[in-house]
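Here's a quick walk through one protein chain, from its overall layout down to a couple of residues. Have a look at the fold before reading on.

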Amino acid sequence: MNRQRLLPILAALVVVPAAFLVLSAQNPAGKPAPVGGATVAKVYTGKAADGNFQTALNDAIQQAETAIAKTGADLRFEWTMGAVKGTRGGIAGTREVTVEIKLP
């Protein structure tokens with residue numbers, strides 16, 4: 001093979017991986033950067049005064065969705081269960097449930 005033909009091929013083999021490394025280092029987690037410098041909280045807490053766990057969980061997830069929608073990012077997100085707390089009883093018959101979710 002001619003050296004003049006080989007030189008651009010070798011240059012491409014060096015430049016393309018180097019460019020990939022530089023770009024991936026700017027966003028190491030592989031997650032999209034928030035638009036306009038907006039940030040999203042990492043913990044969301046939902047509450048249900050009637051003691052319904054699903055209602056409290058839905059409230060926390062809705063809060064996370066609302067916050068992520070403001071960043072302009074795709075609404076697909078992962079979450080993990082954090083703390084689950086509750087209060088029950090007393091003269092007033094309290095049945096409150098609090099659910100905490102965390103975003104990675």
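How many helices and strands does the secondary structure of the chain come to?

## Overall layout

The chain has two helices and three strands, taken as DSSP runs numbered from the N terminus (H or I of at least four residues for helices, E of at least two for strands). Going along the sequence, you'll meet them as α-β-α-β-β.

A word on the ground rules: this is a predicted model, where local features need pLDDT of at least 70 and side-chain atom pairs pLDDT 80 or more, while totals for chains, interfaces and linings use all residues. Residues are numbered from 1 along each chain as its sequence is written, and side-chain values use heavy atoms, with hydrogens and water left out.

## Burial and the core

Of the 104 residues in the chain, 15% are buried, meaning under 20% relative accessible area with a 1.4 Å probe, protein chains only. The largest nonpolar core (buried Ala, Val, Leu, Ile, Met, Phe, Trp, Tyr and Cys residues joined through side-chain atoms within 4.5 Å) has 12 residues, including Y44, L57, I61, V99 and I101. β1 (43-48), α2 (53-71) and β3 each give it two or more residues, and α2 supplies the largest share, with six.

## Two residues up close

Core member Y44 is in contact (heavy atoms within 4.5 Å) with residues beyond four places in sequence, among them A60, A64, V99 and L103.

T98 sits in strand β3 (residues 97-102) and is buried, at 14% relative accessible area. Leaving aside neighbours within four places, T98 touches T45, G46, K47, A83, V84 and K85.

Note on methods:
Buried < 20%, exposed > 50% of the residue type's maximum accessible area, 1.4 Å probe, protein only.
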